[in-house]
Structures are given as C-alpha cells and as structure tokens.
Amino acid sequence: MLIDCLVDTSIAVVGSYACIRAYFHLERRLRAYILSTYLPSMLVVLLSWVSFWIDLESVPARISLGILTMLTITTQSSGQGRFPAVSFTKAIDVWMATCLVFVFGAFIEYSIVNVLARREKINASAISKATATGGIAQVINATIEQVLFDK
Amino acid sequence: MLIDCLVDTSIAVVGSYACIRAYFHLERRLRAYILSTYLPSMLVVLLSWVSFWIDLESVPARISLGILTMLTITTQSSGQGRFPAVSFTKAIDVWMATCLVFVFGAFIEYSIVNVLARREKINASAISKATATGGIAQVINATIEQVLFDK
Amino acid sequence: MLIDCLVDTSIAVVGSYACIRAYFHLERRLRAYILSTYLPSMLVVLLSWVSFWIDLESVPARISLGILTMLTITTQSSGQGRFPAVSFTKAIDVWMATCLVFVFGAFIEYSIVNVLARREKINASAISKATATGGIAQVINATIEQVLFDK
Amino acid sequence: MLIDCLVDTSIAVVGSYACIRAYFHLERRLRAYILSTYLPSMLVVLLSWVSFWIDLESVPARISLGILTMLTITTQSSGQGRFPAVSFTKAIDVWMATCLVFVFGAFIEYSIVNVLARREKINASAISKATATGGIAQVINATIEQVLFDK
Amino acid sequence: MLIDCLVDTSIAVVGSYACIRAYFHLERRLRAYILSTYLPSMLVVLLSWVSFWIDLESVPARISLGILTMLTITTQSSGQGRFPAVSFTKAIDVWMATCLVFVFGAFIEYSIVNVLARREKINASAISKATATGGIAQVINATIEQVLFDK
C-alpha cells in the first residue's frame with residue numbers, strides 16, 4: 001500500500017509504510033543565452049555610453065553612435081526570431097526593451113546637450129558683441145533679455 | 001429538456017426550465033507586443049524628430065539620422081517574420097507603415113529645409129554683392145530677379 | 001441528364017436541359033503587400049532621389065544616403081523570407097530588384113558627378129594660375145591641354 | 001522481354017527487341033536566384049569600387065562606404081536563411097564569400113592608401129621645413145632619415 | 001557464437017571465435033561553416049583593427065568604423081537563426097561572442113585614446129599660454145596643477 005509522502009505519517013498512521021518521493025531538479029542552462037543575447041546587448045549599451053566621452057563638437061560622430069546602437073539593439077531583438085512566438089512577455093523581451101530605453105536615453109541626452117550648447121554659444125557672442133559696442137548697461141540688458149525671453 | 005437561454009422564456013413558455021449559458025472572455029495579452037514592437041517603433045519615430053533639434057549646418061549628422069531611423073523601422077518590420085504570413089492586413093502592419101511614413105516625413109522636411117537654406121544663402125550673398133558694387137537700383141533688381149525667376 | 005453549359009445548346013440540342021455553372025472569383029487581397037512591401041520600398045527609392053537635392057560638397061552625407069538606401073532595400077528583401085522559397089521568379093522579386101537598380105543608379109550618378117566636379121575645380125585653378133603668372137597664350141595652352149589630354 | 005537499352009544490342013543479340021528509354025531533362029530555373037541574390041551582391045561589389053573614385057581626403061565618406069558595403073553583403077548572406085541549412089558547401093556560399101572578400105579588399109586598399117598619404121604629407125612638410133630653415137645639407141639629411149628610419 | 005571484440009580474447013578464452021567490429025568514422029564537413037560564418041566574422045574583426053591605422057583626428061570615420069563592425073557581427077549572429085535553437089552553448093556561439101568582444105575592445109581603445117588626446121591638447125595650450133604670459137614659475141605651476149588635479 002502506497003501513501004502520499006507529503007502527509008505527515010509520523011503521528012496519524014501507526015506503523016511504517018513505503019512511499020515514493022521524486023525530486024525533479026529543473027535548471028536552465030544560462031550560458032548560451034548569456035553568450036548570444038545578454039553579452040552583446042550589454043556591450044551595445046556600454047557603447048552608447050561611450051558617447052559621453054566624445055567631444056561635444058563632433059556632431060556626426062555622436063549622432064551616428066546614438067542611432068547605430070539603437071539599430072544594433074533592434075537587430076539583436078530581431079535575431080530572437082528563432083524562439084517560438086508566444087503571446088506572453090518573456091524576461092528576455094523585458095531585458096531587450098530596457099536596453100533599448102537606455103540607448104535611447106543616451107541619445108536624447110546628447111540632443112539636449114547639443115541644443116543647450118548652441119544656445120549658450122549664441123548668448124556668449126551676443127554678450128561679447130554688446131560689450132564691444134556699448135557700455136555695461138547694454139551687457140546687462142542682453143543678459144536680462146536672455147533670461148527673460150529665453151533666447 | 002434544454003432550451004435556448006437567449007430566447008426570452010419569461011412570457012411564451014409556462015414553467016421554469018434549466019438552461020446553460022457560457023461566456024467566453026477573450027483577451028489579447030498586449031504587454032508582449034508593446035515591449036517588442038510598439039515601444040521600439042515609437043522610440044525610433046521620436047528619434048527621427050530629434051533631427052529638428054540638431055543644427056541645420058551639420059548635414060552628415062541629419063542625413064544619417066534620417067536614413068538610419070528609416071533602416072531601423074525596416075529592420076523592425078523584418079523582425080515581424082516570426083508571425084505566420086497571412087494575406088490580410090494586420091493592425092501591426094498599419095502601425096509599422098504609419099511609423100515609416102512619419103520617419104520619411106521628417107527626412108523630407110530636412111531635405112526641403114536644406115534646399116531653402118542654401119538658396120537663401122546664395123540670395124543673401126548676391127544682394128550684398130550688389131550693394132557693395134552698385135547702388136540701390138541694382139539691389140532692387142537682384143531682389144526682383146530672385147522673386148521672378150526663382151533663382 | 002447534365003450537359004456541359006459551355007456547349008452552345010441553343011441550336012444542336014432540341015429541348016431544354018438543366019446545367020450547372022459555377023464561377024470562382026479569385027482575388028488577391030493587395031493591401032497587406034502594399035503596406036508591408038511596396039510602400040516601404042517606394043519610400044526608400046524616393047529617399048535615394050533626395051540625394052539630388054543635397055549640396056554637392058557634403059560628400060559624407062550623400063555617400064551615406066546612397067549606401068544606406070541600398071542597405072535598406074536589401075534588408076527589405078531579406079524580410080521577404082517569410083514567404084515559402086520557390087524556384088520561379090515572383091513579381092515581388094522583380095519589383096525589389098528594380099528598386100535596387102534605381103537606388104544604385106542614384107548612387108552611381110553621384111559618384112560620376114563627384115569626379116567631374118573635382119576635375120572641373122582642378123582645371124579652373126590651373127587656368128586661373130596660368131592667368132596670374134603668364135599671358136593669354138599660357139591660358140590657351142592650359143585649356144587646350146585639358147581638352148586634349150583630359151587632365 | 002525488356003532488355004537494357006544502353007547495351008549495344010546491334011551485334012551481340014540476334015533479333016529486334018523492344019526497349020524503353022526515358023530522358024529526364026533537369027534544368028534549374030536561374031532567373032529567381034539572379035534577381036534575388038546574384039544581381040544585388042554584384043551591385044554591392046560595384047558600389048565598393050566606387051570608393052576608388054571618391055576623393056582621398058574625405059575620410060568619413062570612404063570609411064562609411066567600405067563598411068556599409070561589408071554590412072550589406074552580410075545582410076544579403078543572412079537573407080539566404082530561407083534555404084534549408086545543409087552541411088555541404090553550396091555554390092551560392094562560395095559566391096557570397098568571394099563578394100565579401102572583394103569588398104574587404106577594396107576597404108583594405110583605402111586604409112593602406114590613407115596611411116601612405118598621411119606619411120607622404122608629413123615627409124613633404126619636414127623637407128619644406130628643412131629647406132626653409134637650413135641649407136641643402138639638412139634637406140638631404142631629412143630625406144635620408146625618412147628613407148632609413150621609415151619616419 | 002558472437003563475443004564482444006573489445007574483450008581481450010587472447011588469454012581467457014581458449015580457441016578462436018568470430019567477432020564483428022564496426023568503425024563509424026564521423027567527420028564534420030567544415031568548409032560550409034568556414035565560408036558562411038568563420039571567414040566573414042574574421043574579416044570583420046580585421047576591419048575593426050583597420051581603425052588603428054586611421055588618423056586620430058577623423059572622429060566620425062573611426063566612430064562609424066567601430067559601431068558598424070559591431071553591427072555587422074550582430075547581423076552575422078542573427079543570420080545563425082537557421083540552425084535549430086538549442087539550449088546549450090555551441091562552439092559557434094563562443095566564436096561569435098569572442099569576435100564581438102574583440103570588436104568592442106577596438107572601439108573602447110579609440111574612445112580612450114580620443115579622451116587622452118583631447119586632454120593632452122588642452123594641457124599643451126595651457127602650458128604654452130603660461131609660457132607666453134608669465135615666467136617659468138607659472139609654467140611649473142600649470143604642469144603641477146595638471147598632474148595633481150588631473151585637469
């Protein structure tokens with residue numbers, strides 16, 4: 001007679017009985033996923049951060065860097081096509097989307113910095129022009145105008 | 001005896017009868033599609049709008065930005081290949097095509113602005129040249145010529 | 001008795017007979033193909049023509065534009081992989097190949113224009129140098145040399 | 001009685017016998033492969049040769065041209081994924097690999113030319129500097145140094 | 001009577017017996033993999049080393065070179081999608097990941113060199129400015145400041 005091993009047999013049942021207990025130890029072999037998905041996408045996110053080291057003035061370099069990392073992440077997501085298409089969210093989808101958002105953030109950061117730097121340069125030249133032609137009053141006016149009207 | 005539950009039994013049939021009613025609540029789990037398709041394509045369309053922030057003079061940067069976003073959208077569309085190929089239009093196809101048209105529009109906008117800016121610069125130098133060499137009559141002539149012959 | 005409806009029964013056969021006639025109206029639903037293949041490739045070909053609007057001097061922009069449109073068309077052709085691989089030529093293959101040839105033509109046009117513009121610039125500087133140093137005879141010589149020896 | 005038609009029956013066997021001979025004419029329909037694989041890869045190899053026409057000084061243009069053609073050939077090879085994966089070498093694999101090597105060669109050619117041009121420019125400025133400051137002896141020294149120490 | 005050939009029959013068993021021995025010689029045909037995977041990825045890694053030859057000043061060229069080789073390796077990895085998706089690490093995955101790391105290293109090398117070169121240029125101009133305006137004391141100060149505060 002076989003009884004359920006999970007039932008605590010020490011108290012209720014008098015006598016000793018045989019019971020079968022099976023453990024299924026399921027383990028996902030992670031190394032393949034790390035090599036083919038996680039490592040490349042991490043490297044690409046790191047690449048997008050290299051953009052912060054490059055000179056602000058070299059616009060084509062930083063723009064290319066920003067978009068090509070986006071494109072690389074996208075290509076890697078497309079390479080996931082070998083897995084069967086399921087309707088629920090896989091952890092790997094969340095990972096790839098997060099990587100994409102990081103890369104996108106690095107790009108947006110550059111575009112904002114680019115706009116600010118250009119505005120600053122225009123302001124600086126306006127102030128220096130005011131200094132050259134007029135007196136202190138004009139410099140103050142130019143500065144105030146910039147602050148007020150956000151030129 | 002089972003009768004159709006949808007028939008209003010309160011009036012016509014005398015007596016009470018058992019009837020079976022089943023509700024099938026079908027719901028598409030959207031999160032996977034949002035993460036793997038809608039989010040990336042939205043980010044790429046946003047990227048193509050960053051082009052409006054970048055300086056007009058940096059031609060390679062804006063051109064690269066325009067085309068690489070086109071290419072990224074195309075790569076994302078190719079990544080849809082894991083869905084079975086059906087002959088009718090899916091909502092996701094309409095979405096991807098709309099994204100492509102948006103990105104294309106941002107690129108065309110730049111090329112038009114580029115042409116206009118170049119023409120304006122040529123006109124400005126022509127007028128200043130006329131001012132330097134001749135009198136007001138020539139400046140007026142140059143301006144009229146530009147308007148008339150669309151130089 | 002059933003007879004073939006396609007046989008003209010009005011003359012040869014005396015009497016009236018029943019006949020079955022079936023029409024199968026086959027129609028390809030085009031909208032999905034237009035959205036996922038024809039529209040994107042048309043837009044990319046249009047993009048490659050934008051190259052004619054951009055300034056001749058901005059070499060990196062026009063080169064990038066030329067190649068990236070080639071690459072985009074190629075990516076779109078690869079995206080056709082979801083259709084079963086058949087050995088005969090499909091109309092969509094002819095379309096994609098034609099788009100590729102158009103994009104290639106636009107690129108080749110730029111490279112030829114680039115070479116001609118560079119040669120013209122060298123010639124112009126040679127003539128102006130001859131004008132500066134010597135008399136009219138040298139200018140004529142320089143011009144003749146360019147024509148004859150295709151410098 | 002049927003005998004093998006390939007045996008020369010005119011001599012050895014007396015009498016005439018019926019024999020069945022079947023010819024199977026197998027022909028590969030090439031046009032689809034030419035349109036979808038051979039034509040695009042040929043165009044891309046031609047594109048990589050356009051690099052020889054472009055000005056030596058425009059480094060970003062020629063570098064982009066070199067790598068993007070590599071990338072395009074790679075994308076085209078990936079597009080072969082619709083054919084079944086076999087373990088032996090197909091003629092189309094040899095073709096794609098050869099195209100890749102051609103494109104690679106064109107790129108390497110540019111990088112070597114780039115290095116040589118830079119070295120030549122440095123040498124020219126060194127000699128002109130020596131000419132400006134010192135006498136002929138220094139010019140000779142500079143030239144010898146360049147040849148000997150490969151500066 | 002058949003006995004196991006692997007058992008050493010010379011000693012224990014008296015007499016001679018027939019035994020069947022079969023050798024299965026399994027050999028992987030490597031040429032297809034070399035042509036379609038190993039050769040292209042090796043070429044791309046070589047391409048990424050070309051970056052070391054190109055001038056330090058041409059930022060867009062070297063940045064494009066670095067990222068596009070990353071993208072090409074990624075595209076090649078995606079092209080592996082025709083092999084069945086298995087959960088263990090294949091040798092080809094290790095190879096592709098190693099190539100990716102090499103290409104990434106070449107890119108990181110450039111970004112570090114770029115930062116160092118920019119810092120050196122700033123330092124040089126600071127020292128020359130100090131030399132022009134003040135005496136030796138200021139030059140020493142500037143140098144010390146650079147070393148101490150890592151300007």
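## Chain contacts in a predicted assembly

In this predicted model, 27 residues of chain A are in contact with 29 residues of chain E. The two chains bury about 2,500 Å² between them, and carbon and sulfur atoms account for 77% of that area. Charged pairing across this interface is absent by the rule applied: the count between chain A and chain E is 0 salt bridges. Polar contacts do occur, with 2 residue pairs found across the interface of chain A and chain E, both at pLDDT 80 or more. On the side of chain A that touches chain E, α1 (31-50) and α2 (59-78) of chain A each supply at least two residues. Sorted by class, that side of chain A holds 16 nonpolar, 7 polar and 4 charged residues.

A second interface joins chain C and chain B. Here the contact draws 27 residues from chain C and 29 residues from chain B. About 2,600 Å² is buried between chain C and chain B, with 77% of the area given by carbon and sulfur atoms. The rule finds 0 salt bridges across the interface of chain C and chain B, while 2 residue pairs are in polar contact, both at pLDDT 80 or more. The side of chain C that touches chain B receives at least two residues from each of α1 (31-50) and α2 (59-78) of chain C. This side of chain C is made up of 16 nonpolar, 7 polar and 4 charged residues.

The table sets out the two buried areas.

| Interface | Buried area | Share from carbon and sulfur atoms |
|---|---|---|
| Chain A and chain E | about 2,500 Å² | 77% |
| Chain C and chain B | about 2,600 Å² | 77% |

The arrangement of chain C and chain B can also be described through symmetry. A turn of 72° and a shift of 0.1 Å along the axis lay chain C on chain B with an RMSD of 0.1 Å. This is the relation of a five-fold axis. Within chain C, P60(C) has the C-alpha nearest the axis, at 5.1 Å from it.

Which surfaces do the copies use when chain C meets chain B? Only 19% of the interface residues of chain C are also interface residues in chain B, and therefore the copies meet through different surfaces. The contact of 27 residues from chain C with 29 residues from chain B is thus to be read together with the 72° turn that relates the chains.

Technical notes:
Residues numbered from 1 in each chain as written. Chains lettered and ligands numbered in written order. Predicted model: local features only at pLDDT ≥ 70, side-chain atom pairs only at ≥ 80, totals over all residues. Heavy atoms only, no water. Least-squares fit on C-alpha atoms with pLDDT ≥ 70 in both. Contact = heavy atoms within 4.5 Å. Buried area = accessible area lost by both parts, 1.4 Å probe. Salt bridge = Lys/Arg side-chain N within 4 Å of Asp/Glu carboxyl O. Polar contact = N/O pair within 3.5 Å; in protein donor to acceptor, adjacent residues only side chain to side chain. Helix = DSSP H or I, 4+ residues; strand = E, 2+ residues; numbered from the N terminus. Nonpolar A, V, L, I, M, F, W, Y, C, P; charged D, E, K, R; others polar.
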